[in-house]
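Subject: Structure handover

Hi,

Here is the model I promised to pass on. Have a look at it first, and my notes follow underneath.

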Number of protein chains: 2
Amino acid sequence: MTPQQPTAAPPDAPTNPVQAMLEAPLSLRERKKLKTRQTIRREAYRMFTEQGYDSTTVEQIAAAAEVSPSTFFRYFATKEDLVLSDEYDPAMIAALLARPADEPFLESCRAAMADLIHQLLRHDREELFTRMRLITEVPALRAALYRSSSSPQELFLTVLTRRAGVEEPTYEMRVTAAAIAAATAEALLQWAADGGREDIAGLVDRTFALLGSGFAGV
Amino acid sequence: MTPQQPTAAPPDAPTNPVQAMLEAPLSLRERKKLKTRQTIRREAYRMFTEQGYDSTTVEQIAAAAEVSPSTFFRYFATKEDLVLSDEYDPAMIAALLARPADEPFLESCRAAMADLIHQLLRHDREELFTRMRLITEVPALRAALYRSSSSPQELFLTVLTRRAGVEEPTYEMRVTAAAIAAATAEALLQWAADGGREDIAGLVDRTFALLGSGFAGV
DNA sequence: CTATCTTTTGAGAGTTACTCTCATTTGAGA
DNA sequence: TCTCAAATGAGAGTAACTCTCAAAAGATAG
């Protein structure tokens with residue numbers, strides 16, 4: 001087990017991974033790991049807001065969370081992962097695959113995004129905002145947002161490919177995934193840049209309207 | 001003068017910066033700088049292809065180019081910049097601004113891209129291919145491609161804003177720039193992933209057709 | 001050609017994110 | 001309680017940068 005994420009599916013995983021996480025009878029070990037992970041992240045966010053991302057060292061974060069730097073890197077592969085990694089991918093994939101397969105993909109995405117964001121705003125609004133604000137403000141994070149693996153683009157592409165029932169994505173699927181990912185990232189960043197005041201559902205709608213219109217008005 | 005790029009405009013700069021660079025009577029100093037820059041880049045590309053990007057250190061590159069590591073960082077802010085920085089931005093901006101202002105922006109981009117790529121293929125095909133191949137293969141480069149400043153997205157956004165004759169870009173402009181930048185990057189990456197065999201003009205056309213169609217078929 | 005001024009360079013020390021290895025601790029299960 | 005596997009910490013190492021300062025080299029005026 002490499003980065004020992006508590007997300008790792010147990011051998012008898014039910015069909016829905018999100019549900020699995022919720023109902024899993026966590027062992028002491030797993031509870032401790034989850035707690036450590038949360039502590040590290042919480043302390044990190046606290047220090048980031050207090051003294052900035054760049055001038056907070058991993059060593060300081062580890063000290064604040066009362067773990068060794070070694071342990072820090074066992075929980076988060078990079079410092080950027082503290083901000084960029086999330087646990088919403090399975091939910092997003094499930095939401096996307098739940099839409100009718102003959103629906104235009106753009107519409108599926110709009111609906112899934114709207115759902116997911118709605119949930120996030122209710123439960124983790126504060127954290128979501130902190131994360132998005134950091135991403136808008138720290139160039140290193142903005143860049144890392146587009147790393148190949150586990151990026152939104154990969155997520156969209158995976159779903160597109162599976163929906164089409166083929167092995168390898170076509171070029172058109174790639175472009176579609178890239179464009180949608182970039183556009184939706186823009187929506188979240190705009191929301192954060194605005195201080196979280198703007199109506200994010202409205203932003204998402206405008207984004208997908210633009211994509212669907214073929215940028216006719218621009 | 002911070003990174004001492006030989007691109008720095010002389011006090012009596014003509015209107016067209018590209019032209020300026022070509023006709024400028026380079027002083028000895030400037031000629032040496034240009035040569036150093038080229039040598040560093042050439043040696044770097046050679047070593048990257050021989051032994052890979054990650055296992056080539058800046059120290060090795062500097063040694064091969066017969067400069068000190070200090071000097072390396074005076075010419076390229078980061079190792080990634082060796083691959084990512086280019087000198088085509090002014091040409092692209094000029095090409096975009098040369099299109100009729102009432103033309104749909106998507107069409108302006110398609111035409112400008114086609115032009116620029118055509119020129120690049122004639123003059124620097126080998127280098128362009130090496131760069132794109134590196135970007136497809138090295139995750140760190142792929143990530144850095146989306147850094148806020150000097151990214152294609154910023155370029156498109158700048159032009160869009162100026163064309164509209166406003167100070168601040170609207171949200172719709174942001175999304176448009178993001179989507180077009182992501183999609184065109186995909187075209188170049190696909191071309192490189194294919195070994196440069198595929199017809200890149202065709203790829204660009206397919207990309208913009210998709211963007212213009214509102215992803216109707218997907 | 002020389003003296004002066006400015007730009008460019010190299011040397012070296014320091015920081016920090018990460019990697020690897022190995023011994024120790026701690027929870028799980030019999 | 002004993003044994004095994006997983007988790008942790010300590011420590012050494014690497015490499016990409018950053019900063020400072022003195023030396024070298026091109027530009028310029030006399």
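Before the notes, one definition: a residue counts as buried if 20 or more other C-beta atoms lie within 10 Å of its own, as exposed if 12 or fewer do, and as partly exposed in between, with C-beta atoms placed from the backbone. By that count, 33% of the 218 residues of chain A are buried.

Housekeeping next. This is a predicted model, where local features need pLDDT of at least 70 and side-chain atom pairs count only at pLDDT 80 or more, while totals for chains, interfaces and linings use all residues. Residues are numbered from 1 along each chain as its sequence is written, and chains are lettered from A and ligands numbered from 1 in the order in which they are written.

Chain A on its own

Helices (H or I, at least four residues) and strands (E, at least two) are DSSP runs, numbered from the N terminus. Chain A has eleven helices and zero strands. An automatic or database assignment splits chain A into domain 1 (28–76) and domain 2 (84–212). Taken over C-alpha atoms, the centres of these two domains are 26 Å apart.

For contacts, the cut-off is C-beta atoms, placed from the backbone, within 7 Å. Among the contacts in chain A with a separation of 6 or more, 59% join residues 24 or more positions apart.

How the two chains pair

Chain B superposes on chain A by a rotation of 180° with 0.0 Å of shift along the axis, at an RMSD of 0.1 Å; the fit is least squares on C-alpha atoms of residues with pLDDT of at least 70 in both. The two copies are therefore related as by a two-fold rotation axis. Both use the same surface, as 100% of the contact residues of chain B recur in chain A.

In that interface, 31 residues of chain B are in contact with 31 residues of chain A. On the chain B side, α7, α8 (139–144), α10 (171–193) and α11 (200–212) each supply at least two residues, and α10(B) has the largest share, with twelve. That side divides into 18 nonpolar, seven polar and six charged residues. Here Ala, Val, Leu, Ile, Met, Phe, Trp, Tyr, Cys and Pro are nonpolar, Asp, Glu, Lys and Arg are charged, and the others, Gly among them, are polar.

The DNA side

"Near" a strand is a C-beta atom, placed from the backbone, within 6 Å of it. DNA strand C is surrounded by 22 residues, and the closest are A:Ser27, A:Leu28, A:Lys79, B:Ser68 and B:Thr71. Both chains contribute: α2 (28–51), α3 (58–64) and α4 (69–75) of chain A, plus α2 (28–51) and α4 (69–75) of chain B, each give two or more residues. The surface has six nonpolar, nine polar and seven charged residues.

Around DNA strand D there are also 22 residues, with A:Ser68, A:Thr71, B:Ser27, B:Thr78 and B:Lys79 nearest. B:Thr78 sits in the loop between α4 and α5 (81–84) of chain B, and is partly exposed because it has 14 C-beta neighbours inside 10 Å.

A closer look at α2(B)

The end C-alpha atoms of α2(B) are 34 Å apart, which agrees with the 34 Å expected for 24 residues at 1.5 Å a residue (the span is 1.5 Å times one less than the number of residues). Its buried residues are B:Ile40, B:Glu43, B:Ala44, B:Tyr45 and B:Phe48. They pack against α3 (58–64), α4, α5 and α7 (105–137) of chain B. Just after α2(B), B:Gly52 takes a positive phi of about 90°.

Cheers

Definitions and conventions: Contact = placed C-beta atoms within 7 Å.
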